[in-house]
Amino acid sequence: MNRYLAPLLLAAAAAIPAAPALAADAYPSERPVTLVVPFPPGGPTDALARRLADKLRQPLNQNVIVENRSGAGGNIGSEYVANAKPDGYTILFGTSGPLAINVSLYKKQGYDPQTSFAPIIRIGHLPNILVVNPSVPAKNMQELIAYAKKNPDALSYASSGNGASSHLAGILFNRMAGTQIMHIPYKGTGPALNDLLGGQVSMSFTDILTALPYVKAGKLRAIGLASAQRSDALPDLPTLSEQGLKGYDVSVFFGIVAPKNTPAPVVDTLNRAFQSALSDPDVAQTLRSQGIVEAQDKTPQGLSSFISAEVPKWRDVIASAHVSID
């Protein structure tokens with residue numbers, strides 16, 4: 001063999017396996033993607049995450065594992081993802097708490113929702129609804145406000161705990177309506193709902209999924225949706241914004257984020273996969289059954305802009321009420 005040709009042939013032979021090796025490293029490779037839910041199993045967030053994870057397998061050509069890391073209002077799981085390797089294999093199913101509210105509510109937090117993550121997609125929001133015990137003599141928001149102002153000690157609102165969205169919803173309502181309705185915190189939605197049904201408290205801001213059966217049964221009266229738009233679950237019920245509290249919105253939103261510095265091609269791959277999963281009829285049915293309104297803007301930039309607007313909104317509300325959690 002020509003002594004000049006031999007080294008060239010050997011180099012060419014050595015390069016042949018390189019293409020498959022590079023292809024194997026393309027995201028996602030053989031390792032499953034972990035979708036962290038920062039809340040316990042069994043809730044609406046967990047249920048939606050698991051349905052989406054199942055539908056992500058086909059567009060990603062890879063398994064997606066749901067991992068629950070609950071605690072501190074979603075902070076524990078969120079901090080875990082914020083500190084994970086930015087390679088797209090550990091992502092967060094975030095909600096309003098860890099992605100917008102907690103940064104102003106908790107005195108110590110190991111991440112920042114605006115700087116610690118790479119936004120992927122906004123899934124949608126779960127509308128909250130203002131409901132009252134039928135003993136309250138008000139059929140709409142204006143009647144409720146008028147009654148609260150005329151009888152300042154007559155009404156109280158239940159929440160699932162200090163700092164919960166149902167608590168902050170009442171703070172924002174009082175602030176915008178000029179009322180002083182008393183807050184009664186409970187240890188969870190269940191106890192709060194039981195006392196609302198029993199008449200021990202007058203009203204509550206809760207998610208539409210929880211309230212809907214009681215509204216339809218006449219055990220609670222719906223005053224208005226605490227969201228920016230109406231819900232297909234109760235299409236004839238106007239929002240509080242429509243009734244005069246312009247811009248009032250205390251919906252719980254859902255968004256997917258990855259650790260900051262996750263490569264843009266990986267973010268784009270995940271965004272396309274989630275959009276594909278959301279277009280699946282089974283997922284659409286899950287969204288409808290849970291009362292979740294799908295987001296219109298599903299771009300990473302859309303979620304980034306939304307979080308940037310939500311953080312100062314809740315910082316202002318929390319500071320005005322001097323609410324904090326150690």
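The structure, a predicted model, holds ten salt bridges. Three of the pairs are set out below, with the separation of their N and O atoms.

| Salt bridge | N to O separation |
|---|---|
| Asp-87 and Arg-31 | 3.1 Å |
| Asp-54 and Arg-57 | 2.6 Å |
| Lys-55 and Asp-280 | 3.6 Å |

The side chains of Asp-87 and Arg-31 meet in a salt bridge. This pair joins distant parts of the chain, 56 residues apart. Asp-87 sits in the loop between helix H4 (75–82) and strand E3 (90–95), while Arg-31 belongs to the loop between helix H2 (18–24) and strand E1 (33–37). Asp-87 has a relative accessibility of 16%, so it counts as buried, the cut-off being under 20%. Arg-31, at 44%, counts as partly exposed.

Asp-54 pairs with Arg-57 inside a single helix, H3 (residues 44–60). The two residues are three positions apart, about one turn of the helix. Both partners are partly exposed: Asp-54 has a relative accessibility of 38% and Arg-57 one of 35%.

Helix H3 also carries Lys-55, whose salt bridge partner is Asp-280. Asp-280 lies in the loop between helix H10 (264–278) and helix H11 (281–289), and the pair links distant parts of the chain, 225 residues apart. Lys-55 counts as buried because its relative accessibility is 19%, whereas Asp-280 is partly exposed at 22%. Lys-55 and Asp-280 are also linked with Asp-282 in a network of salt bridges.

Key
Residues numbered from 1 in each chain as written. Predicted model: local features only at pLDDT ≥ 70, side-chain atom pairs only at ≥ 80, totals over all residues. Heavy atoms only, no water. Salt bridge = Lys/Arg side-chain N within 4 Å of Asp/Glu carboxyl O. Helix = DSSP H or I, 4+ residues; strand = E, 2+ residues; numbered from the N terminus. Buried < 20%, exposed > 50% of the residue type's maximum accessible area, 1.4 Å probe, protein only.
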